There are 2 protein chains.
Amino acid sequence: MDTSTPHTAARDDGLDAFDNAPIGVFDSGYGGLTVMREIMAALPEEDIVYVGDSARCPYGPRDLDEVRSFVRQICRVLVGRGCKLIVIACNTATAAGLEAAQREFSVPVIGVVEPGARAAAMTTRNRRVGVVATRATVDSNAYADAIRHIDAGITVFSSAAPRFVEIAELGIRMAEGPFESYLSEASKVYIRPEFEEIAREYLEPLRRCDIDTLVLGCTHYPLLKALIGGVVGRDVTLISSAEETCRDVAEILRRRRAFARPGNVAAYEFLTTGDDVAEFAQFGGRVLNMDLARARHLDLPPL
Amino acid sequence: MDTSTPHTAARDDGLDAFDNAPIGVFDSGYGGLTVMREIMAALPEEDIVYVGDSARCPYGPRDLDEVRSFVRQICRVLVGRGCKLIVIACNTATAAGLEAAQREFSVPVIGVVEPGARAAAMTTRNRRVGVVATRATVDSNAYADAIRHIDAGITVFSSAAPRFVEIAELGIRMAEGPFESYLSEASKVYIRPEFEEIAREYLEPLRRCDIDTLVLGCTHYPLLKALIGGVVGRDVTLISSAEETCRDVAEILRRRRAFARPGNVAAYEFLTTGDDVAEFAQFGGRVLNMDLARARHLDLPPL
């Protein structure tokens, strides 16, 4: 149990109702940027440290024990930088390492599965919920288990969408035009007929199951909201795990009286374990609609 | 799976963004009135049907299978009255019957354990959480399991308070003075030295465990907030399961777009399975600070 961060010690007097320490967000690569984007929009005064473990991306095909050791390693980095809360913004990493990280560190650690699952359980009217996710996440049953833990009467239908991450990243890379409009430009890329056909293949089986709620069970997928929403239709409510996780972040900070002091000018730090920092900065900058010129390489400590 | 209530059918068009159907709340006796009180305050336009199963109270010492059959039976009554959502406002009934009720009925059914557990997990800073509850609830481990399911790094300390229900009810019965002030009068009863001594006996062990958050794990206990808070001190945040459950009710109605139409004048129905309706009306009226003259006896359908 880590209890030694100066930050935690400073809070123990129980008097300070604010906390300017950063929020830590990490993912195996870029997907977690959608969670970061939600936090930046909802809590604009919070400092954030983002770590993308691009050097070892993707986590999906790896052994769970290995991913768990990555999660603990990166959490150590974030705790070492004084983070007051850590978001594991990656489904595979959540499934593999959330519990271990919660046991090891004294700051709260949350994942992306539980918030999305709870929102879906609260939203569905006909109690038929779809989950679209990567193959690894679907196979883990993480969302189905979490949803049925909350409401045993809900039927969950899952569909793996192996090419959605690739399409989401392709759109960001292909987008052209002025800086501010990459995301809207990317949206145009996403709704191309060839991508719609792929989306239909993944989502048509869920539609046929008469779902009224669909969980976007991968942090990349909020980028594809227009594409996915177009295919499933307006009767199906889309649940963004990124958005719901951000709501939990806000709720935890509120309850712990740990928001940044009002007026704090948020500082963002971008770290990648990969070697191509320029590529990371360019891609991340497009997703977050901001200049990531100061992105840096992170040398990982020993596992 | 019940799908036949006219109410549910009416919702299926997906168009109506309001729903004037009542919320159903039930408990083995009076405790659930604290949940009802929170809902009345937070959602003043919602109709509510309250069932107190006084004839078979308390549930605590009964076999879980028997309690489960009571839960299903009373949910059938509430669904039959068109309830759009059911709150099992009793810890024993939640532990015994929540899952079965969720599987059987098409309306959402929620309990009191999960909302209180989640609030505690989000609130604690030192990750040491206390739970005070009846002997049956403590022995079920329901809160400890639920809290550690959310955050595996939290240590939970539980203490059974067998006499708190009796003290809570005694205060309500002993209170004198004008109608509006029964609760404040009851508070004076609760902080008598002899009750404080009992509270200290239950709570001192939790205080010594250095908890910073305490779950009031019985729906009666919000009545004893002043007594309990006085003993544990201001550094310990009290979590009222009643209040947190009410927050979940609001969140579910919001997400399902199922609030009562604005301007609805809330109707309240009070049903007791016991024979002494006058006693039920008098006691409930004091807790809710309103006239329950129209409380009625409920003949239960066959199990």
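User: When α3(A) passes α4(A), is the crossing left-handed or right-handed?

Analyst: This is a predicted model, where local features need pLDDT of at least 70, side-chain atom pairs count only at pLDDT 80 or more, and totals for chains, interfaces and linings use all residues; side-chain values use heavy atoms, with hydrogens and water left out. Residues are numbered from 1 along each chain as its sequence is written, while chains are lettered from A and ligands numbered from 1 in the order in which they are written. Helices are DSSP runs of H or I with at least four residues, strands are runs of E with at least two, and both are numbered from the N terminus. A crossing is left-handed if the near helix is turned anticlockwise from the far one by less than a right angle, and right-handed if clockwise; for α3(A) past α4(A), the crossing is right-handed.

User: Which angle class do α3(A) and α4(A) fall into?

Analyst: Helix α3 (residues 64–80) and helix α4 (residues 91–104) of chain A have axes that come within 8 Å and cross at roughly 50°. Those axes are lines fitted to C-alpha atoms, for helices over the stretch in contact, with angles from 0 to 180 degrees between N-to-C directions. Under 35 degrees counts as roughly parallel, over 145 as roughly antiparallel, 65 to 115 as roughly perpendicular and the rest as oblique. So α3(A) and α4(A) are oblique.

User: How many charged residues are in the contact of α3(A) with α4(A)?

Analyst: Contact means heavy atoms within 4.5 Å. Among the residues that meet are A:Arg68, A:Arg72 and A:Arg76 in α3(A) and A:Glu104 in α4(A). Asp, Glu, Lys and Arg count as charged, Ala, Val, Leu, Ile, Met, Phe, Trp, Tyr, Cys and Pro as nonpolar, and the others, Gly among them, as polar. The split is 8 nonpolar, 2 polar and, for the charged ones, 4.

User: What about chain B: at what angle do the axes of α3 and α4 cross there?

Analyst: In chain B, α3(B) passes α4(B) in a right-handed crossing. The residues making the contact include B:Val67 and B:Val71 of α3(B) and B:Ala96 and B:Gly97 of α4(B). The axes of these chain B helices come within 8 Å and cross at roughly 50°.

User: How much area is buried between chain A and chain B?

Analyst: Buried area is the accessible area (1.4 Å probe) that two parts lose on being put together, summed over both. Here 34 residues from chain A and 34 residues from chain B take part in the contact. Carbon and sulfur atoms give 41% of the buried area, and the total is about 3,100 Å².

User: Which residue of chain B forms a salt bridge with A:Glu244?

Analyst: A salt bridge is a side-chain nitrogen of Lys or Arg within 4 Å of a carboxyl oxygen of Asp or Glu, and 4 of them are counted between chain A and chain B. For A:Glu244, the closest N and O atoms of the pair are 2.7 Å apart. Both partners sit in helix α12 (residues 241–255) of their own chains, so the pair joins two chains. The partner is B:Arg255.

User: Near what value is the omega of the cis peptide bond from B:Cys57 to B:Pro58?

Analyst: Most peptide bonds are trans. B:Pro58 is found in the loop between β2 (48–52) and α3 of chain B. The bond leading into B:Pro58 from B:Cys57 is cis, with omega near -5°.
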